[in-house]
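Trainee: I have a protein model with DNA open on my screen. Can you show me how to read it?

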Amino acid sequence: MRDAEITVCNVAEAMLAWYDRNARDLPWRIPPGDDTPPDPYRVWLSEVMLQQTTVAAVREYFLRFTTRWPTVSDLAAAPDADVMGEWAGLGYYARARNLLKCARVVADRHGGTFPDTYDRLLALPGIGPYTAAAMSAIAFGRPETVLDGNVERVMARLYELHTPLPAAKPVLHAYATALTPRNRPGDYAQAVMDLGATICTPKSPACGICPLRDRCAARLAGNAAQLPKKTPKKPKPTRRGTIYLAQRSDGAWLMERRPDHGLLGGMLGWPGSDWAETAQDAPPLQADWTLLPGEVRHTFTHFHLILTVMTATLPADSAPDSGFFLAPDQFRPSDLPTVMRKAYDLARSK
DNA sequence: CATTCGTGGAG
DNA sequence: TCTCCAAGAAT
C-alpha cells in the first residue's frame, strides 16, 4: 500500500517537473511559475475549440475570438451570424451554437461569471465531462481528473491495458483519478495532455525521452505503440448531390442559413439538393443553369461527398423562393464552412 | 452503448 | 490516395 502511494505521488511529481521544463507556449496558457490568475473565459473558449481539434488549427481562431470578444459578456452580445462566421472552417459547428448559448447563460444568469464547480459547469451547454474537469482544474485549481484522448493513451500505456476503447474508458478514468495530485492540478492536467501530444504520441512514441519511461508497463513490455487498442471503425460511404451558385446582376448571391440541427447546422451555405447515394437535381429557382466543369470533393466525419456545381446569373428583380440574397459587400467567403467555400472557389476559378 | 458531427495534417 | 486521428458533446 505504501509503495503504491509513493508510486502515485512520484508520477505526478515527475509530470510536473517535466512540465516545468517543457510546457509549450500556447496563447491560452499561463506558463508554469507565472502566478497570473487564469481567466475562466479564455480557459473555457480554448477548451471548447480544442475539442477534437488540433492545437495548430485552434491557435489563430482563439486569437481572433479573444480580440473581437474579450469577455464572455462581449461574446454573449454578439449576433449569431457573426459568431458562426468567425467559427467557419473550424468544424463541429454545434460547438459554436452551444458556445453562444453558454455565453448567454453565463452573462444573463450568472452575471458574467462562470460557475467554479464541476457539476455546475457540466450543466452548461457544450460543456461535457472533459471540459468541466479541465475548467475546474485549470481555471479554478480543483483536483478534478481530465480524461481526453491523450490521457486515455498515456494511462493505457502506463498500465498496459489491452481492453479496447471505448469500453476501457471507466478503467482508464479510475487510473487517471488515482494519479491526479491535490497540488497544481491544472498544470498536471496540461502536463499529461502535453505529454500525450508531444511524446506519448499515437504511432511512434518517443519512449526514450519520456519522464515516465521507467514506470511505464507498456514501454517495459515493448508494446507502447500498439496501445490503446480501439474497436474498428465503419467504412465511409460516398454521397452525391448538386449545389447551386446564383448571382444576381447586381452582384448579390443567393444563399441560405442552414437549420440549427444537423450537418453544418446554423452555417451559411449555398442552396442545393439532399446528399444521398445517387445525385439529384433541386434547383432553388427557375434559371438558365450551367453545369460547372469539375466537382467538389469533401470528406466529413462519416461520409465522402461529391458535389456537382451549377451556376446561373439572375435578373435584378429576381426574388428567392427560399433563402435570401446577400450583397457582395456583405459576403465574406471566410464565413463559409469548408465544403461551401470549395464550391465557391471552384466557381470563381472558371 | 452507438451514432452524429468537420477539418486539415501526418504518415 | 487513403487512413488515422486531435484537449468530446449531444442525442
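Mentor: Start with contacts. A contact means heavy atoms within 4.5 Å. This model is predicted. In chain A, take the contacts with a separation of 6 or more: residues 24 or more positions apart account for 68% of them.

Trainee: How many helices and strands does chain A have?

Mentor: Chain A has 13 helices and 7 strands. Its C-alpha trace spans about 80 × 45 × 30 Å along the principal axes.

Trainee: What percentage of the residues of chain A count as buried?

Mentor: Buried means under 20% relative accessible area. By that cut-off, 46% of the 350 residues of chain A are buried. Now take the surface. Chain A exposes about 17500 Å² of accessible area, and carbon and sulfur atoms make up 51% of that.

Trainee: And charge? How many positive and negative side chains are there in chain A?

Mentor: Count Lys and Arg as positive, Asp and Glu as negative. Chain A then has 40 positive and 37 negative side chains. The centres of the two sets lie 6 Å apart.

Trainee: Now the DNA. Which residues are closest to DNA strand B?

Mentor: A residue is near a strand if one of its heavy atoms lies within 4 Å of it. For DNA strand B, 20 residues surround the strand, and K234, L264, H298, T301 and T338 are the closest. Of the strand B atoms within 4 Å of the protein, 63% are sugar and phosphate.

Trainee: Which elements supply that surface near DNA strand B?

Mentor: β5 (296-299) and α13 (338-348) each give at least two residues. The largest share, 3 residues, comes from α13.

Trainee: What do the polar contacts to DNA strand B look like?

Mentor: Look at backbone and side chain separately. A polar backbone atom of L264 is 2.5 Å from a phosphate oxygen of strand B. For L263, a backbone N or O atom lies 3.4 Å from a phosphate oxygen. Y92 uses its side chain: a polar atom there lies 3.0 Å from a base oxygen of strand B.

Trainee: Which residues come nearest to DNA strand C?

Mentor: Q52, G126, D148, N150 and P202, out of 25 around the strand. Sugar and phosphate make up 66% of the strand C atoms within 4 Å of the protein. Three helices, α8 (129-140), α9 (149-158) and α11 (185-198), each supply at least two residues of this surface.

Trainee: Where do the polar contacts to DNA strand C fall?

Mentor: A side-chain N or O atom of D148 is 2.6 Å from a sugar or linking oxygen of strand C. Y130 places a backbone N or O atom 3.2 Å from a phosphate oxygen. A polar side-chain atom of R153 lies 3.4 Å from a phosphate oxygen of strand C.

Note on methods: Residues numbered from 1 in each chain as written. Chains lettered and ligands numbered in written order. Predicted model: local features only at pLDDT ≥ 70, side-chain atom pairs only at ≥ 80, totals over all residues. Heavy atoms only, no water. Helix = DSSP H or I, 4+ residues; strand = E, 2+ residues; numbered from the N terminus. Buried < 20%, exposed > 50% of the residue type's maximum accessible area, 1.4 Å probe, protein only. Areas by Shrake-Rupley, 256 points an atom, 1.4 Å probe, with all protein chains shown as cover. Charge placed at Lys NZ, Arg CZ, Asp CG, Glu CD. Polar contact = N/O pair within 3.5 Å; in protein donor to acceptor, adjacent residues only side chain to side chain.
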